[in-house]
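Hi everyone, thanks for coming. I'd like to take a few minutes to walk you through a structure that is new to most of us. Let me put it on the screen.

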Amino acid sequence: MAMATTARREASAAIRPLLAVLGVAGWYLLYHHLLGLSRALTYGLLGLAQGSRLGASVEFFCYDVPKVLMLLTLIVYGVGIVRSYFSAERTRSLLAGRREAVGNVLAALLGVVTPFCSCSAVPLFLGFVQAGVPLGVTLSFLIAAPMVNEVALVLLFGLFGWRVAALYLSTGLLIAMVAGWIIGRLKLERWVEPWVYQVGAGQTGLSPDLMTWTERTQAGRDAVREIVGKVWPYVVLGIAVGAGIHGYVPEGLMASFMGRDAWWSVPLAVLLGVPMYANAAGIIPIVQALLGKGAALGTVLAFMMAVIALSLPEAIILRRVLRPQLIATFFGVVAAGIMAVGWLFNAIV
Amino acid sequence: MVVQILGTGCAKCKKLHEAAAQAVAETGVDARLEKIEDVQQIVAMGVMMTPALAIDGAVKSMGKLLTPTEIATLLRGAVS
């Protein structure tokens with residue numbers, strides 16, 4: 001029986017690259033015909049009138065839902081494979097004893113590719129700090145990891161285009177680097193709970209380098225099942241709300257209070273965003289529709305960054321290792337960075 | 001042997017605990033399940049990504065929700 005299993009495994013290993021090529025080709029074909037398909041469905045099959053409000057909403061929905069879900073699946077799969085090359089331990093050893101500035105830049109970049117879940121924020125913080133990663137460098141990592149994530153980038157790319165996605169990626173990284181560097185310069189170690197420095201972090205001896213290619217593609221599939229499986233209802237719901245706004249809310253309605261002329265809209269967006277705890281998937285499609293109706297890009301991006309990067313649950317989790325003064329400074333510096341980005345975009349885009 | 005589930009009480013940690021219980025029952029291995037929820041102990045074992053699974057103090061998996069089948073393989077490996 002063991003031999004039969006081995007033979008089957010070898011056979012499926014041979015077929016797998018072929019399936020992967022076919023899968024990508026099929027994905028590409030479908031993706032490029034989505035607009036036509038969604039129009040055929042809306043105006044042909046469902047018989048809605050072209051130019052009607054309902055027609056506009058339904059077409060928007062039928063086009064954006066499959067588009068975003070297809071992009072999400074492909075990117076999450078790829079990122080899952082890339083992340084199998086990075087582990088929290090490897091990132092820690094790359095950052096340990098690193099000088100500030102260089103450390104902050106590296107930490108923010110590694111925050112994007114290292115697997116991260118907000119429930120691991122405390123063990124990660126302890127593991128980093130106890131191994132000698134400077135406080136500000138650790139915080140650069142903890143800002144970048146949730147804010148610049150693949151779901152946010154895919155949604156921005158799918159709904160706003162590559163320019164906005166690239167702007168989000170680069171300014172998100174910049175905020176993480178600069179905010180962590182400022183906190184490091186302020187020498188706030190006294191506001192870390194004292195017990196944090198009294199104990200040492202251990203080593204597991206597990207090595208991610210020993211994974212086979214099959215295990216890495218398995219990690220990609222696991223990521224798709226886990227992430228896409230979790231966020232798809234938010235995507236569908238978010239795009240449904242967005243589609244409603246797209247068809248029914250008059251042009252320019254948002255311009256009056258989310259437009260670029262209202263300077264106070266940026267801090268207001270950040271203030272509204274911080275207590276909200278939503279994932280990128282649910283928030284972006286709504287935000288897209290707002291943007292289409294005259295809200296300014298900077299205001300919208302600031303709102304999104306505040307929702308994803310700063311949240312009350314995160315503050316409560318970090319309270320176990322950080323004094324309230326440090327949490328307040330952390331939130332204050334990051335919020336200031338987000339506002340700066342909001343104003344910058346409103347001024348230049 | 002002791003199968004340790006390391007996690008600070010998130011939803012995934014509970015699922016991993018259930019999967020481990022199922023794997024122990026299915027393999028019939030003489031193992032006791034133990035939850036490790038103290039963050040300091042988790043970090044002292046070298047774990048930064050939860051949930052993690054350890055057998056007799058040796059960490060076998062981190063930041064992953066293993067299936068009962070995967071845990072069963074780890075259990076058999078630890079027995080032999």
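I'll talk about how the two chains meet, and then about confidence in chain B. Please keep in mind that this is a predicted model.

Let's begin with the contact itself. Chain A brings 26 residues to it, and chain B brings 18 residues. Between them, the two chains bury about 1700 Å², and 65% of that is on carbon and sulfur atoms. If you look at the chain A side, the residues that lose the most area to chain B are Pro123(A), Thr204(A) and Leu206(A), which together account for 28% of what that side buries.

Now, what about charges and polar groups? The count between chain A and chain B is one salt bridge. You can find that kind of link where the side chain of Glu226(A) meets the side chain of Lys12(B), at 3.0 Å from N to O. As for polar contacts, three residue pairs turn up across the interface, with both partners at pLDDT 80 or more.

Which helices of chain A should you look for here? Those that give two or more residues to the side touching chain B are H4 (88-95), H6 (121-130) and H10 (213-248). H6(A) supplies the largest share, seven residues. Sorted by class, this side of chain A has 14 nonpolar, seven polar and five charged residues.

Finally, a word on confidence. Chain B has a mean pLDDT of 90, with 100% of its residues at 70 or more. Among the elements of chain B, strand S1 (residues 2-6) has the highest mean, 94, and helix H2 (residues 39-44) the lowest, 87.

Thanks for listening!

Technical notes. Residues are numbered from 1 along each chain as its sequence is written. Chains are lettered from A and ligands numbered from 1 in the order in which they are written. Side-chain values use heavy atoms; hydrogens and water are left out. Contact means heavy atoms within 4.5 Å. Buried area is the accessible area (1.4 Å probe) that two parts lose on being put together, summed over both. A salt bridge is a side-chain nitrogen of Lys or Arg within 4 Å of a carboxyl oxygen of Asp or Glu. A polar contact is a pair of N or O atoms within 3.5 Å; within protein, one must be able to donate a hydrogen and the other to accept it, and residues adjacent in sequence count only if both atoms are side-chain atoms. Helices (H or I, at least four residues) and strands (E, at least two) are DSSP runs, numbered from the N terminus. Ala, Val, Leu, Ile, Met, Phe, Trp, Tyr, Cys and Pro count as nonpolar, Asp, Glu, Lys and Arg as charged, and the others, Gly among them, as polar. pLDDT is the predictor's confidence in each residue, from 0 to 100.
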